[in-house]
Amino acid sequence: FSRVGGKALSETTQIGFMRVPLSPVTVPFWDAFVKRFNRKPVYTAGGAYDAIKAYAAAVARAKTTQVDAVIKELEKTNMPATSGQLVFDENHDVKYGQGFVTPMMVQWQQNGERAVVWPKDKSNGKFMLPPWLKK
């Protein structure tokens with residue numbers, strides 16, 4: 001934000017997780033990351049963490065690293081993750097939507113802070129119009 005002279009004010013993007021309670025894992029993961037690395041996690045940190053946890057759990061259930069056995073266990077994944085409840089569909093894609101992983105809309109606001117502006121039940125800020133937009 002400061003590197004671009006504040007010109008990112010009101011820039012809005014989709015992101016997988018922020019420090020809002022998407023699941024019981026989200027805020028504790030965020031806080032532990034900040035405590036360990038003394039900075040906020042980047043957008044890929046939560047997904048990487050979740051992928052490792054899901055894979056490790058599947059291997060533990062399969063009691064092997066044999067591919068077909070692990071895949072069979074990955075298909076059963078149903079766990080709280082940093083971006084919501086992690087469940088896979090019949091095509092092995094992540095299920096999205098209420099009750100599952102929920103991508104958020106995040107906006108750069110004053111002082112270079114990001115605020116979740118959607119979904120409303122997870123928001124920690126209000127959507128602001130770009131300062132250059134004429135009303």
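This passage describes the fold, the sheet, the salt bridges and the surface of a predicted model.

The protein consists of 135 residues, of which 33% are buried. Three helices and five strands were assigned. Read from the N terminus, these elements follow the order β-α-α-α-β-β-β-β. Along the principal axes, the C-alpha atoms of the protein occupy a box of roughly 60 × 30 × 25 Å. Contacts between residues at least 6 apart in sequence were also examined, and 43% of them connect residues at least 24 apart. The exposed surface of the protein amounts to about 9,100 Å², with 57% of it supplied by carbon and sulfur atoms.

An open sheet is built from three strands, arranged in the order β1-β4-β5 with antiparallel pairing. The edges of this sheet are taken by β1 (12-15) and β5 (114-118); each has a single partner strand, so one side of each is left without a neighbour in the sheet. From one strand to the next, the twist averages 40°.

The pairing of β1 with β4 (residues 104-108) is antiparallel and extends over four bridges. Two of the residue pairs can be named here. T13 has V106 in β4 as its bridge partner, and I15 is partnered by M104, also in β4. On the other pairing, β4 and β5 run antiparallel and are joined by four bridges. Within this pairing, W108 is placed opposite R114 of β5. The two strands β4 and β5 make a hairpin, and five residues lie between them. One residue of the turn, N111, has a positive phi of about 60°.

Four salt bridges are present in the structure. In one of them, the side chains of D31 and R19 meet with an N to O distance of 2.6 Å. D31 belongs to helix α1 (residues 26-37), while R19 is found in the loop between β1 and α1, so this salt bridge ties together parts that are 12 residues apart in sequence. D31 is partly exposed, its relative accessible area being 33%. R19 is likewise classed as partly exposed, with a value of 41%.

Another salt bridge is formed by K40 and E113, whose closest N and O atoms are 3.1 Å apart. Here K40 sits in the loop between α1 and α2 and E113 in the loop between β4 and β5, so the pair ties together parts that are 73 residues apart in sequence. K40 has a relative accessible area of 43% and is partly exposed. E113 is also partly exposed, at 40% relative accessibility.

A further salt bridge involves the side chains of E73 and R61, at 3.0 Å from N to O. This pair links distant parts of the chain, since E73 lies in helix α3 (residues 67-74) and R61 in helix α2, with 12 residues separating them in sequence. E73 is buried, with a relative accessible area of 12%, whereas R61 is partly exposed at 37%. The cut-off for a buried residue is under 20% relative accessible area, so the value for E73 falls within that class. A network of salt bridges links R61 and E73 with K76.

Helix α2 (residues 45-62) also contains Y49. The relative accessibility of Y49 is 31%, and Y49 is therefore counted as partly exposed. Apart from its neighbours within four places in sequence, Y49 is in contact with V25, F29 and T82. For one of these residues, F29, the separation from Y49 is 20 residues in sequence and 8.9 Å in space, from C-alpha to C-alpha.

The surface also carries a nonpolar patch of about 470 Å², which is made by F127, L129, W132 and L133. One of these residues, W132, is located in the segment after β5. The relative accessible area of W132 is 65%, and this residue is exposed. The cut-off for an exposed residue is over 50%, so W132 meets it.

Key. Residues numbered from 1 in each chain as written. Predicted model: local features only at pLDDT ≥ 70, side-chain atom pairs only at ≥ 80, totals over all residues. Heavy atoms only, no water. Pairing = 2+ DSSP bridges. Axes fitted to C-alpha atoms, helices over the stretch in contact; angles between N-to-C directions. Patch = residues over 30% accessible without salt bridge, like charges linked within 9 Å, V, L, I, M, F, W, Y side chains within 5 Å. Areas by Shrake-Rupley, 256 points an atom, 1.4 Å probe, with all protein chains shown as cover. Buried < 20%, exposed > 50% of the residue type's maximum accessible area, 1.4 Å probe, protein only. Contact = heavy atoms within 4.5 Å.
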